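Here are a few notes to read with the structure open beside you. They go from the chain as a whole to single residues and their partners.

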Amino acid sequence: MSEADCLFCRIVAGEIPAKIVHETDRTVAFRDVDPQAPTHVLVIPRDHHPTVAALAAAGGGLAEEVLAAAHEAARLEGVAETGYRLVFNTGPEAGQTVFHVHGHVIGGRGLNWPPG
């Protein structure tokens, strides 16, 4: 399932180029075009789910696969051992700007707490 006007659905369809880091049958991980750290990869399900709640409701282990893909992207980027942050912005007040659920894998430098 995809949305014709969704940026990430268009990346999944190959209509918009992206630097793919890792992909599975149900997930795609690609470099963020505006990285906030040396490692900044976005991990999405191939199917359109607008929020984390929709991803969780999809069932079938999809949320688990997205998390596993995020860890694999971190491993491939060389930050799995030193540490990385996984962020899901959900809703406009949390800073979500593309309403296709996506996790940000951020690492490669010290990350302060609390964020933002």
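1. The accessible surface of the chain comes to about 6,600 Å², and carbon and sulfur atoms account for 52% of that area. Please keep in mind that this is a predicted model. Of the 116 residues in the chain, 35% are buried.

2. On overall dimensions, the C-alpha trace spans about 35 × 30 × 25 Å along its principal axes. The radius of gyration is 13 Å, which agrees with the value near 13 Å that a compact globule of 116 residues would have.

3. For the fold, you can trace three helices and five strands. Starting at the N terminus, their order is α-β-β-β-α-α-β-β. If you count the contacts between residues at least 6 apart in sequence, 52% of them join residues at least 24 apart.

4. Now to the charges. The chain carries 8 positive and 14 negative charges, and the mean positions of the two sets are 6 Å apart. Side chains of opposite charge can pair when their charged atoms come close. How many salt bridges does a search of the whole structure find? The search finds five, and three of the pairs are described below.

5. E23 and R46 form a salt bridge, with their closest N and O atoms 2.7 Å apart. E23 lies in strand 1 and R46 in the loop between strand 3 (39–45) and helix 2 (52–58), so this pair ties together parts 23 residues apart in sequence. Both partners are partly exposed: E23 has 47% relative accessibility, and R46 has 22%.

6. R26 and E65 form another salt bridge, and here the closest N and O atoms are 2.9 Å apart. This pair links distant parts of the chain, 39 residues apart: E65 belongs to helix 3 (residues 62–77), while R26 is in the loop between strand 1 and strand 2 (27–31). E65 is partly exposed at 30% relative accessible area, and R26 is partly exposed at 31%.

7. Within helix 3, the side chains of R75 and E72 meet in a salt bridge at 2.6 Å, N to O. The two residues are three apart in that helix, so about one helical turn separates them. R75 is partly exposed, with a relative accessible area of 47%.

8. Finally, have a look at H22, which sits in strand 1 (residues 20–23). Is H22 buried or exposed? Its relative accessibility is 18%, so H22 counts as buried; the cut-off is under 20%. Beyond its neighbours within four places in sequence, H22 is in contact with V28, A29, A69, E72 and L76. One of these, E72, is also the salt-bridge partner of R75.

Notes:
Residues are numbered from 1 along each chain as its sequence is written. This is a predicted model: local features need pLDDT of at least 70, side-chain atom pairs count only at pLDDT 80 or more; totals for chains, interfaces and linings use all residues. Side-chain values use heavy atoms; hydrogens and water are left out. Helices (H or I, at least four residues) and strands (E, at least two) are DSSP runs, numbered from the N terminus. Buried means under 20% relative accessible area, exposed over 50%, partly exposed in between (1.4 Å probe, protein chains only). Contact means heavy atoms within 4.5 Å. The radius of gyration is taken over C-alpha atoms; the globule rule is 2.2 Å times the number of residues to the power 0.38. Accessible areas come from the Shrake-Rupley method with a 1.4 Å probe; for residues, only the protein chains shown count as cover. Lys and Arg count as positive and Asp and Glu as negative; His and the chain ends are not counted. The place of a charge is taken as NZ of Lys, CZ of Arg, CG of Asp or CD of Glu. A salt bridge is a side-chain nitrogen of Lys or Arg within 4 Å of a carboxyl oxygen of Asp or Glu.
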